[in-house]
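Colleague: I am new to this one, and I would like to learn how to read it. Could we go through a few features together?

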Amino acid sequence: MTPPVAPTTAADITQAVLRSFDQTPDPRTKQLLQAAVKHLHAFATEVNLTTNELIRLAEILTAAGKISDASRHEFLLMSDVMGLTMVVDYNTNLKPAGAFESSVLGPFYRADAPWIEMGGDICRQKDAGTPTFVSGRVLSTDGSPIPGAVLDIWQAADNGMYENTDASQAEFNCRGRLRAADDGSYQFWTTKPVPYPIPKDGPAGLILDGAQRHNMRAAHIHVIVEAPGYEKVISELFVAGDPYIDSDAVFGVKNSLVVQFVRHDSSEDATRYGRPGLFYTVTYDFVLVPGATRNEVKFSAGRA
Ligand SMILES: [Fe+2]
């Protein structure tokens, strides 16, 4: 019997489509396209995806595109809530024990934040939130200091919003960069981060609502630490005791990134730190791994 020319089963289709990418010149592109085909087809078969569901998926992706702009990146948000971002992080950013671990960049990073002096405040508005003093050292895995290491820090203000999505905030409010001193030490003021909701008015919200999941991120300070000759680390510091620490909407929490925010409200501490009233302190050492940065991330949001 002559074998059929045309595919007769879903598995035949998969094989035909895989072969159609055999001549893809760039090997990495070929690998990505063929793996995407393999897993997308397997997904459709596993759940017996219907045509109407496929059309609905296309509508959802179209909606994600339409709601996205310079300050809103819905596809990244969908990746975050589906845990894809953190799977990529775990696969590509494995660090030795004791080294500063990575976490999601998130969709609100803006490059070129203003430089602050040592001990300066990254928040440019007095009502940004409860003052918090963060200090520590940037060290190599052998314990030696890394002078001049750059910290790029950003976070939401007390209203749970990043300045680039909130016209009421000053430009670059709660964003700043500073360099570690010769002994690797660093100090800066910010505010105690608060848990904040990720936007639910787009497809990421559809996913969360469909699963009856909340849309809260555990409170965090974003930080990128880099120095020549060391692997750059994109990460976040989380607040111990935060109500969402075990259910962060984007799965970004790692144990080594959960830090104590120590409360201060005595007159002695006010004198010592030069800050009257309630404030918090955080101590954290960033331990970097010698070597070249792998998988350099190129992303910067705009201001709406
Ligand atoms: Fe964030």
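Colleague: Let me start with one residue: is E59 buried, partly exposed or exposed?

Modeller: Happy to help, and please keep in mind that this is a predicted model. Between under 20% for buried and over 50% for exposed lies the partly exposed class. E59 counts as partly exposed because its relative accessibility is 43%. Its salt-bridge partner is R56, with the closest N and O atoms 3.4 Å apart. R56 is partly exposed too, at 39%. The two sit three residues apart in helix α3, so about one helical turn separates them.

Colleague: Which residues coordinate the iron ion?

Modeller: The donors are Y162 (OH), Y196 (OH), H220 (NE2) and H222 (NE2), at 1.8 to 2.1 Å. Their spacing in sequence is Y-x33-Y-x23-H-x1-H. Y196 belongs to strand β5 and H222 to strand β7, so this pair ties together parts that are 26 residues apart in sequence. Both Y196 and H222 are buried.

Colleague: How should I read the angles at the site of the iron ion?

Modeller: Four tetrahedral donors would ideally show angles of 109.5 degrees. Here the angles among the four donor atoms run from 91 to 162 degrees, and the site is irregular.

Colleague: And empty space: which residues line the largest cavity?

Modeller: Rolling a probe the size of a water molecule over the atoms shows where empty space is left. The largest cavity holds about 50 Å³. Its lining includes L77, D80, F108, R217 and the iron donor Y196. By class, the lining has six nonpolar, one polar and two charged residues.

Methods
Residues numbered from 1 in each chain as written. Predicted model: local features only at pLDDT ≥ 70, side-chain atom pairs only at ≥ 80, totals over all residues. Heavy atoms only, no water. Donors = N, O, S within 2.8 Å, 3.2 Å for Na, K, Ca; no water. Tetrahedral: all angles 85-135°; square planar, octahedral: opposite > 155°, others 65-115°. Helix = DSSP H or I, 4+ residues; strand = E, 2+ residues; numbered from the N terminus. Buried < 20%, exposed > 50% of the residue type's maximum accessible area, 1.4 Å probe, protein only. 1 Å grid on protein atoms, 1.4 Å probe; cavity = no way out; pocket = protein on both sides within 12 Å on 5 of 7 lines; lining within 4 Å. Points joined across faces, edges and corners; volume = space filled by probe spheres on them. Nonpolar A, V, L, I, M, F, W, Y, C, P; charged D, E, K, R; others polar. Salt bridge = Lys/Arg side-chain N within 4 Å of Asp/Glu carboxyl O.
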